[in-house]
Amino acid sequence: MICEEIREKLFSLQDTQYQQFQAKLLPTLPPDTVIGVRTPQLRKYAKELSKRKDISEFLDALPHPYFDENQLHAFLISGIRDYDACMLQVQKFLPFVDNWATCDQLSPAVFGRHKEELLREIRGWLASGRTYTVRFAIGMLMRYYLDEAFDPAYPEMVAAVRDEDYYVRMMVAWYFATALARQYDAVLPYIGNHRLDDWTHRRAIQKAVESYRITKEQKEYLKTLRKRSS
């Protein structure tokens, strides 16, 4: 069976030192669920597996017990070129995503050519209440809707997210830091008017100040907004 074959292959690629390092970066996962396969090897293996006629058996075998299998799954989905087929697999997989790394690696290129259809799905994901589904939705808004497809309604959607989970709040901060770099004038009021909770507000400014895409003058002004005015 392909699932057993894949698992054996992943263990054959295991790097034990990397496994120990990677497990520390994934505190929400039990360390023994991390095999320790490096990302370039996973990407290469995903390309090989994408040609297999029986790969659907692996894609249907959810949930996967190992982090590296989830990473491989994300890379396989990201390579699907048909929008409808890709979206079907994304919708099946998202409820089983259980860590920030897999969430962020799930990045289908085909979505960039279907922004109108994708936006409908993003609205549903934002309202899902599932940590990594919400994080994924914000990531898609950050990737595809901050340039020519930007609309002032989109940062409003992100600012409206109310979730105490660290990984959602960090993605909100990342979104606004990136949005400041690309749509500074439109997004600045969210920081200036303190629209985010205090923790996320400070993290967004911190990330923005660290960005090379924001001018020195903009950074200096953002630093003055770190504390809520009395």
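On the outward side of helix α1, Glu4, Glu8 and Ser12 are exposed. That is a handy place to enter this predicted model, and the rest of the same helix follows naturally. Within α1, which spans residues 2-12, the buried positions are Ile2, Cys3, Ile6 and Leu10. Viewed down the axis of α1, these buried residues fall within an arc of 100°, so they line one face of the helix. The exposed trio of Glu4, Glu8 and Ser12 sits on the other side. As for partners, the buried residues of α1 pack against three helices, namely α3 (39-49), α4 (55-60) and α5 (67-78).

Stepping back to the whole chain, the secondary structure consists of 14 helices and zero strands. Read along the sequence, the pattern is therefore simply α repeated, from α1 through to α14. The radius of gyration is 19 Å, which agrees with the value near 17 Å for a compact globule of 230 residues. Along the principal axes, the C-alpha atoms fill a box of roughly 65 × 40 × 30 Å. Of the 230 residues, 51% are buried. Contacts also reach across the sequence: among those between residues at least 6 apart, 68% join residues at least 24 apart. The accessible surface comes to about 12000 Å², and carbon and sulfur atoms account for 50% of that area. The charged side chains number 33 positive and 31 negative, with the centres of the two sets 6 Å apart.

Two loops in the model deserve a closer look for their backbone geometry. Most residues other than glycine have a negative phi, and most peptide bonds are trans. In the loop between α4 and α5 lies proline 63, and a cis peptide bond joins this proline to leucine 62, with omega about 0°. The neighbouring helices α4 and α5 are also among the packing partners of the buried residues of α1. The second case is histidine 194, which has a positive phi of about 55° although it is not a glycine. Histidine 194 is placed in the loop between α12 (184-192) and α13, and the positive phi comes just after α12. With a relative accessibility of 11%, histidine 194 counts as buried, the cut-off for that class being under 20%.

The helix that leads into this loop has a buried side of its own. In α12, the buried residues are Tyr184, Val187, Leu188, Tyr190 and Ile191. They cover an arc of only 155° around the axis, which puts them on the same side of α12. Here the packing partners are α10, α11 (166-182), α13 and α14 (216-223).

Two buried residues give a view of this region from the partner helices. Histidine 201 lies in α13, which covers residues 198-210, and is buried with a relative accessible area of 0%. Leaving aside neighbours within four places in sequence, histidine 201 is in contact with Ile191, His194, Leu196, Leu225 and Arg226. Ile191 is one of the buried residues of α12, while His194 is the loop residue with the positive phi. Alanine 159 lies in α10, residues 153-159, and is likewise buried, at a relative accessible area of 3%. With neighbours within four places again set aside, alanine 159 is in contact with Phe176, Tyr190, Arg195 and Leu196. Tyr190 belongs to the buried set of α12, and Leu196 also appears among the contacts of histidine 201. Alanine 159 and arginine 195 are 36 residues apart in sequence, yet their C-alpha atoms lie 6.9 Å apart in space.

Arginine 81 offers a contrasting environment. This residue is found in the loop between α5 and α6 (83-93) and counts as exposed, at 74% relative accessibility. Not counting residues up to four places away in sequence, arginine 81 touches Val110 and Arg113. The C-alpha atoms of arginine 81 and lysine 44 are separated by 17 Å, with the two positions 37 residues apart along the chain count.

Definitions and conventions
Residues numbered from 1 in each chain as written. Predicted model: local features only at pLDDT ≥ 70, side-chain atom pairs only at ≥ 80, totals over all residues. Heavy atoms only, no water. Buried < 20%, exposed > 50% of the residue type's maximum accessible area, 1.4 Å probe, protein only. Helix = DSSP H or I, 4+ residues; strand = E, 2+ residues; numbered from the N terminus. Arc of directions from axis to C-beta. Contact = heavy atoms within 4.5 Å. Rg over C-alpha atoms; globule rule 2.2 N^0.38 Å. Areas by Shrake-Rupley, 256 points an atom, 1.4 Å probe, with all protein chains shown as cover. Lys, Arg positive; Asp, Glu negative; His and termini not counted. Charge placed at Lys NZ, Arg CZ, Asp CG, Glu CD.
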